Amino acid sequence: MAELIKLYEENPNPKQVQQVVDVLRKGGLVIYPTDTVYGLGCDITNSKALQRIARIKGVKLEKANWSFICADLSNLSDYVRQIDSPTFKILKRTLPGPYTFILPGNNNLPKDFKKKKTVGIRVPDNSIARALVTGLGHPIVSTSIRDEDDILEYTTDPELIFEKWENLVDIVIDGGYGDNVASTVIDLSGDEPIVIREGKGSLEIY
């Protein structure tokens, strides 16, 4: 059964952040707030944890299109091929923010993502999410928490999220009410930017 942990975005408690990081390191699954909807995430290098998320989401791991949650752009070159100056300027201007950018992956991707030609990069404007990544030392792989409700696509109340997910994950972080609009997804891996999904982030970024 999962543990519900309350964290405040203005000043996340370092001891509680470390508690969550320790669970991630051991292969645990964590639900956490971002600057858009709540996300389900795990350590990007832990195959067993990635397989758990794949089973929960009902997808094959090798076909899953999940985001890499990063603390900033400093580790971009760890997973992304060299990008041109205009592309980097877009990233610099919009992140942290409610965007997922599809970028060309490099040969250093973790083993479960080796066959991927592209990778989705997120730097949320949320101090809890970024603190987890900083503590872990590398990105968290993440997928949005969806709701079966026909009207509300995403659950925003962390206590309701806990009730639904407590037997599937190890920790649910209560970081306050989430948004019900996901990030804007823009593919920057080709010659021209392509909007994959219009979400919370503005499209006027060029």
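Here is a walk through this structure, from the overall shape down to one helix. Keep in mind that you're looking at a predicted model.

Let's start with the whole protein. It is built from 6 helices and 10 strands. Its radius of gyration is 16 Å, close to the 17 Å that the globule rule gives for 206 residues, so the protein is as compact as a globular protein of that length. If you lay the C-alpha trace along its principal axes, it spans about 45 × 35 × 35 Å. Half the chain is tucked away, too: buried residues make up 50% of the 206 residues. As for what meets what, take the contacts with a separation of 6 or more: 64% of them join residues 24 or more positions apart. On the outside, the protein exposes about 10,600 Å², and carbon and sulfur atoms supply 47% of that area.

Now for the inside. In soluble globular proteins, nonpolar side chains tend to be buried together. Here, the largest nonpolar core has 41 residues, and Ile-31, Phe-68, Leu-91, Phe-101 and Leu-103 are those with the most contacts inside it. Several elements chip in with at least two residues each: strands S3 (39-43), S5 (99-104) and S6 (118-122), along with helices H2 (47-57), H3 (76-79), H4 (85-94) and H6 (158-165). The largest share, 4 residues, comes from H2. There's also a second, separate core of 17 residues, with Leu-24, Leu-132, Val-133 and Ile-171 among its members.

Since H2 gives that core its largest share, let's take a closer look at this helix. Which residues of H2 are buried? They are Ala-49, Leu-50, Ile-53 and Ala-54. These residues cover an arc of only 145° around the axis, which is why they end up on the same side of H2. Turn to the other side of the helix and you'll find Lys-48 and Arg-55, both exposed. And what lies over the buried residues? The cover of H2's buried residues includes S3 and strand S7 (140-144).

The two ends of H2 are worth a visit as well. At its start, Asn-46 reaches over with a side-chain oxygen, which comes to within 3.2 Å of the backbone nitrogen of Lys-48. So Lys-48 turns up twice in this tour: as an exposed residue of H2, and as the partner of Asn-46 in that contact. Past the other end, H2 is followed by Gly-58, which has a positive phi, near 70°.

Definitions and conventions: Residues numbered from 1 in each chain as written. Predicted model: local features only at pLDDT ≥ 70, side-chain atom pairs only at ≥ 80, totals over all residues. Heavy atoms only, no water. Core = buried A, V, L, I, M, F, W, Y, C linked by side-chain atoms within 4.5 Å. Buried < 20%, exposed > 50% of the residue type's maximum accessible area, 1.4 Å probe, protein only. Arc of directions from axis to C-beta. Contact = heavy atoms within 4.5 Å. Polar contact = N/O pair within 3.5 Å; in protein donor to acceptor, adjacent residues only side chain to side chain. Rg over C-alpha atoms; globule rule 2.2 N^0.38 Å. Areas by Shrake-Rupley, 256 points an atom, 1.4 Å probe, with all protein chains shown as cover.
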